[in-house]
Amino acid sequence: MNTLPVRINPRQDQIIRLVRSQGYVSNEDLAQQFDVAVQTIRRDIGFLAEQGLLTRHHGGATPNSTIENIAYNERQILNLKAKDAIGRCAAALIPDRSSLFINIGTTTEAFARSLGGHRDLRVVTNNLHVASLISGRPDFRTVICAGELRPKDGAILGAAAIETLDSFRTEYGVIGISGIAEDGTLLDFDLSEIQCARTILRNSQRVLLLADHTKFSRLPMGRVGGLADIDDLITDRPVSAEFKAHLDAANVTLHIAQTSQ
C-alpha cells in the first residue's frame, strides 16, 4: 500500500536499485560511484529509510527484509519524531484510571513515554522497556509478563508470557506492528511476538494500532490479524484512498499524529 506519492531523485532511485540487486552497499562505495560526498549519500540513505524503501545501517544500507526485523538500536532512532508524535496522539485517547495492554516495539515505548500526565493506570506489558519507563509512578500498577526475556529489545515472550496476557481483560490494547499489507493484513516477523499480539487483540475491549508510515511498505511474512481486529489506527501521514476505504469498511477510526517541526 502506498501513502502520498514520494518524490525521489534519479540518484536515489539508482541507490534503491543497487541495494536491491547487491543486498548491501556501503556509503563509501555509493559515494565513489555517484561522485558525491559521503555525507550526501548518508542523507539519501536516511531519506529513503524514512520512506521505508530500504534499511539503513551504520556505514551502508540493505533491502527491507520479509523475514527479519531491523535491529532494535536502529529502530530506536528510525522515524523518532514520527513515533513520538504517534505516542502522544495515542496517549491522548487513554483516560485516567484505565486498564491497558502495551506490547513490544519502539513505537509503543514512545507511547509509554507520553503517559506522564496520566493518573491511576493499570498496565499489563510484555515489554521490559515499557515497564521501566513507567516504573517510577506510584499511582500506576504494572504487571510484567512471565516468560523468556529477549535481551536485544526487552521483549518477554514464550508460553508463560502468553498465559500471563491471557489472564487479563483490559479496556485498551496498545500494539505496534512491523508491517501492514495493502489489503489491511497486519504483519510481523516473529511467531512468539505474533502469538502475544493476538492474545492482546483477543482480550482488549478497544485496540489502538500504532504504526508510522514506513510500516505500509514493509511486508513481513507472519500474519497477526486484520483491520477488523482493531478499533483505531494512529499513524503520522495520510493514507491512500484505497486503504482509507478498507479502514471505513472495518469501522476503524484513523488518527493522523502531528509531528513537531
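A residue counts as buried when its relative accessible area is under 20%. This cut-off serves several stops of the tour below, which moves through a predicted model.

**The whole chain**

Begin with the complete protein in a cartoon representation. It holds 10 helices and 15 strands. The C-alpha trace spans about 60 × 40 × 35 Å along its principal axes. The radius of gyration is 19 Å, which agrees with the value near 18 Å that a compact globule of 261 residues would have. Of these 261 residues, 51% count as buried.

Next, switch on the molecular surface. The accessible surface comes to about 12,300 Å², and carbon and sulfur atoms contribute 49% of that area. Colouring by charge shows 28 positive and 30 negative charges, whose mean positions lie 4 Å apart. If a contact map is available, consider the contacts with a separation of 6 or more: 61% of them join residues 24 or more positions apart.

**Stop one: N126**

Select N126, in the loop between β5 (122–125) and α7 (128–134). Is this residue buried or exposed? Its relative accessible area is 0%, so N126 is buried. Now display its surroundings. Leaving aside residues up to four places away in sequence, N126 touches I102, N103, I104, C145, G154, A155, I156, L157 and C196.

**Stop two: the sheet of β1, β3 and β2**

Move to the open sheet of 3 strands with the order β1-β3-β2 and antiparallel pairing. Its edge strands are β1 (25–26) and β2 (55–57), each of which pairs on one side only. Select β2 together with β3 (residues 60–62): the two pair in the antiparallel sense over 3 bridges. For a specific pair, pick T55, whose bridge partner in β3 is T62.

**Stop three: β14 and its parallel neighbours**

Select β14 (residues 232–235) and show its side chains. Which residues point one way from the strand, and which the other? D232 and I234 point one way, L233 and T235 the other, and all are buried.

Add β12 (residues 204–210), which runs parallel to β14 and is joined to it by 3 bridges. Here L209 has L233 of β14 as its bridge partner. Then add β15 (residues 253–256), also parallel to β14 and joined to it by 4 bridges. In this pairing, I234 stands opposite H255 of β15.

**Stop four: the sheet of β10, β11 and β13**

The next selection is another open sheet of 3 strands, in the order β10-β11-β13, with antiparallel pairing. The edge strands are β10 (179–180) and β13 (222–225), and each pairs on one side only. Between β10 and β11, which run antiparallel, there are 2 bridges. Label G179 to find it opposite L187 in β11.

**Last stop: D188**

Remain in this sheet and select D188, in strand β11 (residues 186–188). What is its relative accessible area? The value is 7%, so D188 counts as buried. Excluding residues up to four places away in sequence, D188 touches I177, S178, E193, I194, P220, M221, G222 and V224. Finally, draw a C-alpha to C-alpha distance from D188 to M221: the two are 33 residues apart in sequence and 6.8 Å apart in space.

Conventions: Residues are numbered from 1 along each chain as its sequence is written. This is a predicted model: local features need pLDDT of at least 70, side-chain atom pairs count only at pLDDT 80 or more; totals for chains, interfaces and linings use all residues. Side-chain values use heavy atoms; hydrogens and water are left out. Buried means under 20% relative accessible area, exposed over 50%, partly exposed in between (1.4 Å probe, protein chains only). Contact means heavy atoms within 4.5 Å. The radius of gyration is taken over C-alpha atoms; the globule rule is 2.2 Å times the number of residues to the power 0.38. Accessible areas come from the Shrake-Rupley method with a 1.4 Å probe; for residues, only the protein chains shown count as cover. Lys and Arg count as positive and Asp and Glu as negative; His and the chain ends are not counted. The place of a charge is taken as NZ of Lys, CZ of Arg, CG of Asp or CD of Glu. Two strands pair if DSSP finds at least two bridges between them.
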